[in-house]
Amino acid sequence: MSNYHIKHLEEYYQVYRKSVRNPEIFWEEIAEEHFMWRKKWDNVLSWDFTKPEVKWFEGAQLNITENCIDRHLYTRGDKTAIIFEPNNPEEEAQHISYRQLHEKVCRFANVLKEKGIQKGDRVCIYLPMIPELAISVLACARIGAIHSVVFAGFSSIALSTRINDSNCKMVITSDGSFRGAKTIDLKGIVDDALEDCDGIESVLVAKRINSEIHMKEGRDHWLQPLLDEAYHDCVPEIMDAEDPLFILYTSGSTGKPKGMVHTTAGYMVFTAYTFKNVFQYREKDVYWCTADIGWITGHSYILYGPLCNGATTVMFEGVPSYPDFGRFWEIIEKHKVNQFYTAPTAIRALAKEGVKHVEKHDLSSIKVLGTVGEPINEEAWHWYDDNIGKRKAPIVDTWWQTETGGIMITPIAFCTPTKPTYATLPFIGIQPALMDENGKEIKGNQVDGRLCIKFPWPSMARTIWGNHQRYKDTYFSAYENKYFTGDGALRDEVGYYRITGRVDDVIIVSGHNLGTAPIEDAINEHPAVAESAIVGFPHDIKGNALYGFVTLKESGESRNHDNVRKEINQIITEQIGPIAKLDKVQFTNGLPKTRSGKIMRRILRKIAGKETSNLGDTSTLLNPEVVQDIMDNVL
Ligand code: WT7
């Protein structure tokens, strides 16, 4: 028997050693015993980080939806697969069993086929957190179409950029979405986006808010009548192990968003195995991850990982503050949630509201708590531990990335002793390394450096859609023969890792990964702006907030700064979305630059964070005089 379910720390160490000494044998056993294959692989792993090229389970054939749905029909057909909790608590929750999910996915898959979608085609999904989102993702996977889910908080320009980058043929959306007390006109955003997208042949529209919307003749179709007419069964497309399963965009420090490509077999094996172990999921448990399926957390740990284990997974449409700040706790009580997985930014926002909202609810079902998305500060960790877990539920602080597909460094609940702010130990099969500035690996404990991974793992992204060179440059060029994460980390005296944050120009705001370049590009579109630089600064709830240093074309006085500030945020909202808005905008006479003309964000970061006691040597700057002026006017 393979070690599918790890039960104590000794076993973790033993299995970890096995997974590192003999990765192929280890993963072959896991894959063999716990998944459904149409054909087994010829080769477990081939890899070359210099190309880079990685293949897991080459030659195998499968369909991930057979693993997530069909195989459970015999053993747990009537078990709830998805609990849908609507935005409005007055609206009834839906319980979708595995059998019902099977039928819904099959019908949807047949609609996709009927609209001309074939294996390998890209389908963009722009939906709120309603059952149709889960079902359409799985329907794509059923027929081998590559889904590209775009978070429904992104603007029309962000949406059209993503649709065009991967030449999507279809968009799946809804007439609108509920968000707390507000409604959002999603279809209007799609219509705007499609003005710039020639490749889209059809748009499927789910009904959610019952608003009057414009339907373009020949292009737009209401979903429900098509589903009603579709056949209730659909033979799954047989996929090769390395066929792409989905594309998911993430921001980089420069350039347009990167379409990370995840493939089928390795992604399935790793997300399922990590889910089972990290959260110690048991058959009768109810698991809830509060992320949106528009992010990787939702892909891997609302849908694929849980469903592959036959779990009951909660999907919440709303926000933590509606109708009040007790909503999360109310939902935990209502559905008797056993594993709860959320982000530090949500924990901080809820902690700020005090324990009065928590005390009204019975949280005794909670067994395991999880956090993801950014480093969790000590205060938030303790608040979560004391008030939500009542010091009885281990907190799994899970470090990973869109690019890694699954959880990489994490405690295993009930096995790994936790330590506040530490993601602790590498998951089974994961080989981290800390690197110094000269590209050498730092061995031993009580050290810090840049976090790399030395050996392939099954769910790593295989490429960036349409730009393999960029994939190589971004992840495999900083350190020879290693995957570079972009994060800094330290390793303590027992080998526990603590992630210290990004070492590049990516800023994590409320757990969302924002690259500086696209935001600066947006700001620079303002006719009055000459130049700009964005840095992150510490924020109580968001973790980081954005601080913009902006130089205007004609020196400031004649302009109304408040107006320019507002207009800048308007442009950002249009081009990217409200999540990228600046909290502070400081107008400057110049930006500190190196002699080669590169903006010194390091200095600006310190000024924005009010850490000016140690600015470092500024004398070699091209324009050292601007620094004092910027410091004097800091906001
Ligand atoms: C970046 C990846 C993985 C799903 C959500 C984010 C940061 C993520 C942690 C954690 C400290 C974390 C890193 C990473 N991050 N989890 N537990 N502790 N930092 O996915 O948008 O691709 O962002 O999020 O900086 O590189 P993403």
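Which backbone oxygen lies 3.0 Å from a polar atom of the side chain of Gln280? The partner is the backbone oxygen of Ile6. Please keep in mind that this is a predicted model. With that said, let's walk through a few places worth a look in your viewer.

**Around Gln280**

To find Gln280, go to the loop between helix H10 (265-278) and strand E16 (286-289). Although Gln280 sits in a loop, its relative accessibility is 5%, so this residue counts as buried. Leaving aside neighbours within four places in sequence, the contacts of Gln280 include His5 and Ile6, as well as Phe275 and Asp285. Gln280 also touches Gln339, Ile412, Ala413 and Phe414.

**Salt bridges**

The loop between H10 and E16 also holds Glu283, and the loop between helix H4 (73-76) and strand E4 (80-85) holds Lys79. These two residues form a salt bridge, with 3.1 Å between the closest N and O atoms. The pair therefore ties together parts that are 204 residues apart in sequence. Is Lys79 buried or exposed? Lys79 counts as buried because its relative accessibility is 15%. Glu283, in turn, is partly exposed, with a relative accessible area of 37%.

In total, the structure holds 35 salt bridges. Three of them are set out here, each with the distance between its closest N and O atoms.

| Basic residue | Acidic residue | Closest N and O atoms |
|---|---|---|
| Lys79 | Glu283 | 3.1 Å |
| Lys187 | Asp191 | 2.9 Å |
| Arg219 | Asp220 | 2.6 Å |

Lys187 and Asp191 are four residues apart in helix H8, so about one helical turn separates them. An α-helix has 3.6 residues a turn, so residues three or four places apart point the same way. Lys187 and Asp191 are both buried. Arg219 and Asp220 are buried too. A network of salt bridges links Lys187, Asp191, Arg219 and Asp220.

**Helix H7 and its surroundings**

Helix H8 (186-194) comes up again as one of the elements that the buried residues of H7 pack against. How many of the 10 residues of helix H7 (residues 156-165) are buried? Seven are, so the helix is largely enclosed by the rest of the structure. The buried set is made up of Ser156, Ala158, Leu159, Ser160, Arg162, Ile163 and Asp165. Besides H8, they pack against strand E6 (122-125), strand E8 (170-174), strand E14 (244-250) and helix H18 (561-575). After H7 comes Asn167, which has a positive phi, near 45°.

**An open sheet**

Further along the chain, five strands make up an open antiparallel sheet, ordered E22-E21-E23-E25-E26. At its edges are strand E22 (441-442) and strand E26 (497-502), each pairing on one side only. Strand E25 (residues 483-491) pairs with E26 through five bridges, in the antiparallel sense. If you would like a landmark there, look for Asp487, which stands opposite Arg502 in E26.

**Cysteines**

How many disulfides are there? The count is zero. Cys68 and Cys308 are good residues to inspect here: the sulfur of Cys308 is the nearest cysteine sulfur to that of Cys68, at 4.4 Å. Seen from Cys308, the nearest cysteine sulfur is likewise that of Cys68. A disulfide calls for sulfur atoms within 2.5 Å, so this pair does not qualify. Cys68 has a relative accessibility of 0% and counts as buried. Cys308, at 4%, counts as buried as well.

Note on methods
Residues are numbered from 1 along each chain as its sequence is written. This is a predicted model: local features need pLDDT of at least 70, side-chain atom pairs count only at pLDDT 80 or more; totals for chains, interfaces and linings use all residues. Side-chain values use heavy atoms; hydrogens and water are left out. Helices (H or I, at least four residues) and strands (E, at least two) are DSSP runs, numbered from the N terminus. Buried means under 20% relative accessible area, exposed over 50%, partly exposed in between (1.4 Å probe, protein chains only). A polar contact is a pair of N or O atoms within 3.5 Å; within protein, one must be able to donate a hydrogen and the other to accept it, and residues adjacent in sequence count only if both atoms are side-chain atoms. Contact means heavy atoms within 4.5 Å. Two strands pair if DSSP finds at least two bridges between them. A salt bridge is a side-chain nitrogen of Lys or Arg within 4 Å of a carboxyl oxygen of Asp or Glu.
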